[in-house]
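Student: Could you take me closely through one helix pairing in this model, and then set beside it the empty space that the protein encloses?

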Amino acid sequence: MAEFVSIMAMAHAPGVTGWLDSCPVSDQQAIQAGYEELGQIMRAAKPDVIIGVGNDHLLNLPLKNPPNWRVDCALDWTGPAEFFKAWLKQPGYQVRGRPEIAEIIAREARAAGHKIDRGDGLLFDDNWSVPLWYLGYDVPILPIHMNCINPPVPEPADCIRFGRELRRIVRDVLPAGLRVGLMGTGGLSHEPGGPRYFTMDSKFDRWFLELMEESDADRVIREATVERMNDAGGGGTTELLAWMVAMAAAGGTGARSVFYVASAEMRCGIGASVWSDFA
């Protein structure tokens, strides 16, 4: 059977590569140190492929009746999408895919009843471009875009069920010996363009990081509701649904909170969780 060798979840705010120098020096250092630690963890795990789960930001998925998930089955990508290059201050990159693995995930997840599509050559924005800046471009990536902000979004229970399905597919279906890294990406509290654009809910963020440390799926479903996430920041905080997928894929073991910065300059709570025991 295949195996997970690294599972993590992190924020992907565009300012992390686009305007980090606007932060106080202490925040810059904490944010950079946190992402660099994530990169070191992923590189040390030596994955053959990284499965990514992150918000689509309305860039690829249809506005009407969007799927919960879309697996990208392209052979390779270039990113970021042209519009985002100046915003992210990234000149562009190329990264390989694993279409044969992506097709298996799409087939198995659809058969299990998940609302999932497949696509080829989906556009990348900050969802993948910020994490890859630190994780590197050498390992093939299998991106799964998800609908985190266009109602109706999948409920936490849907995301946990999807994470458990990914776990089953990796362990029971994918080729033996395949080493799989998994990253969920999405901001902690933030409200892009809203009245609380520059105001973080650090109390909520720290509570959510502690939820990941506990990784009790039943409690997450019961307490980390879509309504509660929107109370912490509408239109953005529900990206934490991607973190729930990573948590469920880890099989119920607790996470370690790597770092946390409530950054008005980044307009987002910035932090990360890492699971090191995959049950």
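**A helix pair and the enclosed space**

Tutor: Helices α7 and α10 are roughly parallel to each other (an angle under 35 degrees). The model is predicted, with pLDDT of at least 70 needed for local features and 80 or more for side-chain atom pairs, while totals for chains, interfaces and linings use all residues. Residues are numbered from 1 along each chain, and side-chain values use heavy atoms, without hydrogens or water.

Helix α7 covers residues 202–214 and α10 residues 241–249 (DSSP runs of H or I, at least four residues, numbered from the N terminus). They pack at about 20 degrees, their axes 10 Å apart (lines fitted to C-alpha atoms over the stretch in contact, angles running from 0 to 180 degrees between N-to-C directions). The crossing is right-handed (near helix turned clockwise from the far one by less than a right angle). On α7, Phe 208, Leu 209 and Met 212 meet Trp 243, Met 244 and Met 247 of α10 (heavy atoms within 4.5 Å). This contact has six nonpolar residues, with no polar and no charged ones (Trp, Phe, Leu and Met are among those counted as nonpolar).

As for empty space, the largest pocket holds about 360 Å³ (an open set of 1 Å grid points with protein on both sides within 12 Å along at least five of seven lines, where a 1.4 Å probe fits). Of its 21 lining residues, Pro 14, Trp 87, Asp 126, His 190 and Pro 192 are closest to the centre (lining means an atom within 4 Å of a point). The pocket lining divides into 10 nonpolar, seven polar and four charged residues.

Key: Helices (H or I, at least four residues) and strands (E, at least two) are DSSP runs, numbered from the N terminus. Angles under 35 degrees count as roughly parallel, over 145 as roughly antiparallel, 65 to 115 as roughly perpendicular and the rest as oblique. Grid points are joined across faces, edges and corners, and a volume is the space filled by probe spheres set on the points.
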